[in-house]
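Please look through the structure below, starting with its strands and then turning to individual residues.

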Amino acid sequence: HVTVTYSCQSTHNLYVGTSLTSASGEMTTMLDGTAQPIVDTYADTGSPIQTRRLIASSVAPGAHVVVLTISGTHNALSTGTNCCFDYLQAAVLSDVQSPATTYPNVNCACDFDTAQTYAIAPARVLDS
């Protein structure tokens, strides 16, 4: 098991960063001594899938203690009792912010290193 103490100044949702693999199992989650949903890290895949899973919603501001414990498997395909713990994330929800500046005559760049799609008229890139 792993025990993590963290603090957040706002009401937040709590996520655990993990990997889904075919050799993984489940982990129980406790937040301040209260059981939270079990996190199943099994996936029938050849390569690990990096992901995050929700542990708790609307967590009150302040200091908290999270305990993650490997608990085995419930999936008949999974033979693993391993779990990857990568990070905890306290995500504070907010409204989507409007951009400071908009450019009505410029399209998004669909490639990362050239101006190929930057210069194309939006009507050519986006189907209607």
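Four strands, taken as DSSP runs (E, at least two residues) numbered from the N terminus, form an open sheet in the order 1-6-3-4 with antiparallel pairing, where two strands pair if DSSP finds at least two bridges between them. At the edges lie strand 1 and strand 4 (34-40), each of which pairs on one side only. From one strand to the next the twist averages 25°, with axes fitted as lines to C-alpha atoms and angles running from 0 to 180 degrees between N-to-C directions.

This is a predicted model, in which local features need pLDDT of at least 70 and side-chain atom pairs count only at pLDDT 80 or more, while totals for chains, interfaces and linings use all residues. Residues are numbered from 1 along each chain as its sequence is written, and side-chain values use heavy atoms, with hydrogens and water left out.

Within the sheet, strand 3 (residues 26-31) and strand 6 (residues 62-72) pair in the antiparallel sense over six bridges, and L31 stands opposite V66 in strand 6.

C8 belongs to strand 1 (residues 2-8), and because its relative accessible area is 11%, C8 counts as buried (under 20% relative accessible area, with a 1.4 Å probe and protein chains only). Leaving aside neighbours within four places in sequence, C8 is in contact (heavy atoms within 4.5 Å) with P61, G62, A90 and V92; C8 and A90 are 82 residues apart in sequence, yet 7.0 Å apart in space, C-alpha to C-alpha.

H12 is found in strand 2 (residues 12-20) and counts as buried because its relative accessibility is 1%. Not counting residues up to four places away in sequence, H12 touches several residues, including Y6, H64, A90 and V92.

Notes: Buried means under 20% relative accessible area, exposed over 50%, partly exposed in between (1.4 Å probe, protein chains only).
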